[in-house]
Structure formats: structure tokens, C-alpha cells
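Trainee: Got a minute to go through this model with me? I'd like to start with the helices.

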Amino acid sequence: MSMGHEIEVLAASEDDLRTTAALHVAELPHGLFPRLGEGFVRRWHGAHLESRYGVVLVAKQDGEVVGFALGTTDRPANVAWIIGHRRRELALAGLRALLTRPVVAAGFVRTRGLRYARRLLGRGAAPARVAGRGDVPEAGFGPIAVLEAIVVAPERRGRSVGTALSEAFLSSVAAAGGDRVELITKAGARGAAGFYERAGWRRVGSHVDRDGDEVHTYRIDPRFVRVR
């Protein structure tokens, strides 16, 4: 996808991941993984790049990465693939990061330690959906795709780069046969609810996340999104 012959959206390469990780940590620091630093996030993006269920797209201008989208065409399958193929690498990278970040480590133990231990030991199933607790899954859907992150470099915002990344991601999901995409964004000014609502996403739930912040879940059917 091109934008005025200046910005193009395409599949990321391994060489792009250092930049996508730096953008993720600097501009979307919510949640555990960005607090573990660029090295861990780069490995996390790389796992998505390697997985057949992962999607990593970059927006480039003059060969420079100015934004990215990260997600999966089938979240449960992607989590299972990453645990099966990249568990040791990510666990060691995460442990090294926690050992140098005592405040993050304390929060991890308090809010996520047991859950991650069970998953890494293979004693907990990957969650099949991202809708908030108490929401009722809708019947008749195929695999659940998840848009995990869209980040645009500050100097490129307001130029429809985020819209192009979102549309390209939805096209990837539709091409893979997906009929439902979900995402979670922070409520209020820290999130991007307005952006997604203007793009046609529908809010389907809200809950308080493990960091104590209110978040909203949005959903869209990628088959009915008109790509410009």
C-alpha cells in the first residue's frame, strides 16, 4: 500500500525490528513487555515475524521506518506457537530484564507471576479471546485475530500513517480467512479509542487490566472494511 508515492506499508524484515522495538518502548509503554526494554521487545516482535500466525507491518518513507503494526491472525495459535518455539529465548530475555529492573520485577510478581509461570510450564491454556471479563463470546466466528499495537513516530502523526497500517493489517487478516479482529486500548487520553471508533471499530467490553487501568475492547469484521 502506498500513500502519495511517499509512504508505503509492507511486511517487516528482521532488519526493521530494532526500529520497531525502539518505537514501541518509547511511544507505547503500556503493559509489561515495553517495560522490559528494547531487547526483549525486539525478540517479541521477531517471534511474531517468524510465526505463521504473526503479522508485523512497517510504514516506510524514503526507506526509513516511521510506524509499525503488530498483531496476529489467530491469537491462540500464535501464543501456542511462540510458547512452543521461542519460550526459552523469551523467558531468558525476560528474566535478564527483570533482574536489572527491580521495580518492574516486583510488579510482575504481584500481578502476573503465577499466570506466566503456569503458561511457561505448559500448565495453563492460552486465552482464546481478548474481550473483557464478563463479556459473552459471539457464536459462529472463526479464529480470533488481535491487533496488538499500532505506533507511529511522533513527527509523522496526522498524516494517515496509522490508518494505512490498520487497513493493511485488516487486509492481512481477511486474506488469512479471519472474520473478527479485536484490540484493547486504554480508556481516556492514554488510549486511542477515538481513532478506532472513527475507523469503524465497535466497543464490545471494558475492564480493569492487571496494572489497575481501565481498558476498552474493540472489535471489527475485516471483510467489510473498505481500504482506500
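Mentor: Start with the naming. Helices here are DSSP runs of H or I with at least four residues, numbered from the N terminus. Keep in mind that this is a predicted model.

Trainee: Fine. Which helix is G94 in?

Mentor: G94 sits in helix α4.

Trainee: Is G94 buried or exposed?

Mentor: Buried. Its relative accessibility is 8%, and the cut-off for buried is under 20%.

Trainee: Which residues is G94 in contact with, leaving aside its neighbours within four places in sequence?

Mentor: L36 and F40. There is also a C-alpha distance to note: G94 and L32 are separated by 10.0 Å. Those two are 62 residues apart along the chain.

Trainee: F40 is in α3, right? What does α3 meet in α4?

Mentor: Yes, F40 is on the α3 side of that contact. With it come R43, W44, G46, A47, H48 and E50. On the α4 side the list is N78, W81, I82, R86, E89, L90, A93, G94 and R96.

Trainee: How do the axes of α3 and α4 cross?

Mentor: At roughly 165°, and the axes come within 10 Å. Angles over 145 degrees count as roughly antiparallel, so α3 and α4 are roughly antiparallel to each other. The crossing is right-handed.

Trainee: And α1 against α3, at what angle do they cross?

Mentor: Roughly 120°, with the axes coming within 8 Å. That makes α1 oblique to α3. This crossing is right-handed.

Trainee: Which residues meet there?

Mentor: From α1: L17, R18, T20, A21, A22, H24 and V25. From α3: E38, V41, R42, H45, G46 and L49.

Trainee: Switching to the core. Which residues touch the most other members in the largest one?

Mentor: L32, F33, L36, F40, W44 and F68. That core has 27 residues.

Trainee: Which elements supply it with at least two residues each?

Mentor: The helices are α1 (17–27), α2 (32–35), α3 (38–50), α4 (75–99) and α5 (102–111). The strands are β3 (54–61), β4 (64–72) and β5 (145–152). Of these, α4 gives the most, with six residues.

Trainee: Why would such residues collect inside?

Mentor: In soluble globular proteins, nonpolar side chains tend to be buried together.

Trainee: Pick F68. What is F68 in contact with, beyond four places in sequence?

Mentor: T20, L23, H24, H45, L57, V58, A149, I150, V151 and L165. Two of the names, T20 and H24, are also among the α1 residues that meet α3.

Trainee: What about another core? Which residues are in it?

Mentor: It lies apart from the 27-residue core and has 25 residues. Among them are V9, L147, V152 and Y196.

Trainee: Now aromatics. How many aromatic pairs are there?

Mentor: Four, counting rings whose centres lie within 6.5 Å. One is F195 with Y196, at 5.0 Å centre to centre and 75° between the planes. Planes over 60 degrees apart count as edge-to-face, so this pair is edge-to-face.

Trainee: Are F195 and Y196 buried or exposed?

Mentor: They fall in separate classes. Y196 is buried, at 8% relative accessible area. F195 counts as partly exposed, at 24%.

Trainee: Which residues form an aromatic cluster?

Mentor: F33, F40 and W44. Each of these is also listed among the core residues that touch the most other members.

Trainee: Backbone next. What is the phi of D62?

Mentor: About 55°, a positive value although D62 is not a glycine. D62 lies in the loop between β3 and β4. It is exposed, with a relative accessible area of 78%.

Trainee: And S160, where is it found?

Mentor: In the loop between β5 and α7 (161–175). Its phi is positive too, near 70°. S160 counts as partly exposed, at 35% relative accessibility.

Trainee: Last residue: where is R202?

Mentor: In strand β7, residues 202–208. R202 is partly exposed, at 45%. Its C-alpha is 6.3 Å from that of I220, 18 residues along the chain.

Trainee: And the whole chain: how many helices and strands?

Mentor: Eight helices and eight strands. Buried residues make up 47% of the 228. Among contacts with a separation of 6 or more, 70% join residues 24 or more positions apart.

Note on methods
Residues numbered from 1 in each chain as written. Predicted model: local features only at pLDDT ≥ 70, side-chain atom pairs only at ≥ 80, totals over all residues. Heavy atoms only, no water. Phe/Tyr/Trp six-rings, centres within 6.5 Å; stacked < 30°, edge-to-face > 60°. Buried < 20%, exposed > 50% of the residue type's maximum accessible area, 1.4 Å probe, protein only. Core = buried A, V, L, I, M, F, W, Y, C linked by side-chain atoms within 4.5 Å. Contact = heavy atoms within 4.5 Å. Axes fitted to C-alpha atoms, helices over the stretch in contact; angles between N-to-C directions. Parallel < 35°, antiparallel > 145°, perpendicular 65-115°, else oblique. Left-handed = near helix turned anticlockwise from the far one by under 90°.
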